[in-house]
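Here's a quick tour of this model, with a few stops at spots worth a closer look. Have the structure open as you read.

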Amino acid sequence: MQLTKVEIVETDNRRKGVRDAVHSLGDAFVDKVKSAKKILIKVNLVHHENQLASTHVDAVRGLLDEIRSLTRVDVFVGDASYHGTKAALRNFGYDRLVEEYEHTQLVDLNDDETVPGYTMRRDGTHNDMKRSKLASDADLKISLTPMKTHRDVGVSLSVKNWTVGTWVVPPRNSAHGRVWARWPWLHEEGSKAHHASIAALYAQLPCDVAIVDGVTAMEGDGPTHGAAVAMHVVLAGMDAVAVDAVGATLMGFDPQDIGYLVYCSEQGLGVIDMAKIDAPPLQLDRLRRTFLRPPELAEKLTEWK
């Protein structure tokens with residue numbers, strides 16, 4: 001049986017750690033980069049003022065260092081942020097990437113052209129929505145996200161970052177200002193449909209490469225209000241579901257408790273059985289921690305079942 005490889009790099013240097021993890025993917029990554037004419041790095045900028053909740057620019061630098069050693073094609077770096085992508089790009093120093101790396105552009109996917117997609121209703125029918133055309137058209141789709149807990153679905157890793165952050169919705173006014181909210185399609189349909197929607201979105205448009213920055217992770221009330229926990233790891237793989245299974249395991253979760261990962265596995269979109277993933281058991285045992293969980297998460301992790 002051929003195992004699905006997930007790279008685990010232990011590091012305190014985020015930039016070097018990301019580059020080393022991606023480099024370790026070998027020919028599978030090199031071939032995809034060299035054949036691509038348009039690359040999208042989908043970062044997580046869910047909160048424009050909270051760096052812990054968002055992809056650090058040095059993680060992007062590490063990825064761009066490796067990509068630019070292989071190709072000079074156009075690379076787009078962006079997100080469709082809940083609180084506003086442009087403010088996050090500015091606040092977290094992303095503007096400098098355009099000066100440091102040729103043929104690199106920053107994009108607000110909230111402003112992107114769209115293609116049709118759908119989420120799931122509680123009755124199993126489809127609810128129409130719109131996806132980023134750039135995300136759909138990119139030849140190489142990369143998810144680069146922090147390691148975080150999530151108050152509704154357990155963990156926020158590669159699959160969650162990619163699916164929800166390539167979803168284009170109209171803005172609305174809230175108590176926190178202008179936001180781009182996906183909750184009317186997710187939370188209001190119940191926990192099972194919420195998980196099923198993430199899996200359905202991933203089935204419609206999967207990413208090619210998944211990178212999880214766990215140098216400093218978030219525990220507790222994630223994905224925006226949790227506390228920092230030093231994990232000193234970067235994960236990378238060509239199977240985002242497997243990468244997330246490893247990430248969840250390191251955070252003290254059973255991947256079988258994360259509904260959208262189970263649904264992805266059942267649809268053949270990736271591997272969550274840790275016995276089928278090439279990740280050193282002794283290393284996993286040594287690095288594993290029990291993350292503090294959001295309030296009421298235990299109940300939500302049983303509702304979808």
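Let's start at a turn-off point: right after helix 11 comes G268, a residue with a positive phi, near 75°. Keep in mind that this is a predicted model, so everything here is computed from predicted coordinates.

Helix 11 itself covers residues 259-266, and six of its eight residues are buried, so the rest of the structure largely encloses it. Which residues of helix 11 are the buried ones? They are G259, Y260, L261, V262, Y263 and C264. What do they pack against? Their partners are strand 9 (154-156), helix 7 (158-165), helix 9 and helix 10 (240-250).

Two of those partners deserve a stop of their own. Take helix 10 to begin with. It's mostly covered, with eleven of its eleven residues buried. If you'd like to click through them, the buried residues of helix 10 are A240, V241, A242, V243, D244, A245, V246, G247, A248, T249 and L250. At the N-terminal end, D239 acts as the cap of helix 10: one of its side-chain oxygens sits 3.0 Å from the backbone nitrogen of V241. Just past the other end of the helix, G252 adopts a positive phi of about 90°.

The other partner is helix 9 (residues 191-204), which lies across strand 6, strand 7 and strand 10 and runs at about 145° to strand 6. Those three strands make up an open sheet, ordered 6-7-10, with antiparallel pairing. Strand 6 (114-120) and strand 10 (167-168) are the edge strands, each pairing on one side only. Between strand 6 and strand 7 (residues 126-132) there are seven bridges, in the antiparallel sense. To see one of these up close, look at M120, whose bridge partner in strand 7 is H126.

Now for the backbone oddities. Positive phi values turn up at glycines and elsewhere, and here's a handy list:

| Residue | Phi | Where |
|---|---|---|
| G252 | about 90° | just after helix 10 |
| G268 | near 75° | follows helix 11 |
| H232 | about 60° | not a glycine |
| E296 | near 70° | other than glycine |

H232 sits in strand 14. Is H232 buried or partly exposed? Its relative accessibility is 37%, so it counts as partly exposed. E296 belongs to the loop between helix 12 (281-287) and helix 13 (297-303). With a relative accessibility of 61%, E296 counts as exposed, because the cut-off for that class is over 50%.

There's also a cis peptide bond to look for. Where is it? It runs from G222 to P223, with omega near 15°. P223 is in the loop that joins strand 13 (209-219) and strand 14 (227-237), and strand 14 is also home to H232.

One last stop is A87, in helix 4 (residues 85-91). Why does A87 count as buried? Its relative accessible area is 18%, and the class takes in values under 20%, so A87 qualifies. Along the chain, A87 and E49 are 38 residues apart, yet in space their C-alpha atoms are separated by 8.4 Å.

Methods: Residues are numbered from 1 along each chain as its sequence is written. This is a predicted model: local features need pLDDT of at least 70, side-chain atom pairs count only at pLDDT 80 or more; totals for chains, interfaces and linings use all residues. Side-chain values use heavy atoms; hydrogens and water are left out. Two strands pair if DSSP finds at least two bridges between them. Helices (H or I, at least four residues) and strands (E, at least two) are DSSP runs, numbered from the N terminus. Contact means heavy atoms within 4.5 Å. Axes are lines fitted to C-alpha atoms, for helices over the stretch in contact, and angles run from 0 to 180 degrees between N-to-C directions. Buried means under 20% relative accessible area, exposed over 50%, partly exposed in between (1.4 Å probe, protein chains only). A polar contact is a pair of N or O atoms within 3.5 Å; within protein, one must be able to donate a hydrogen and the other to accept it, and residues adjacent in sequence count only if both atoms are side-chain atoms.
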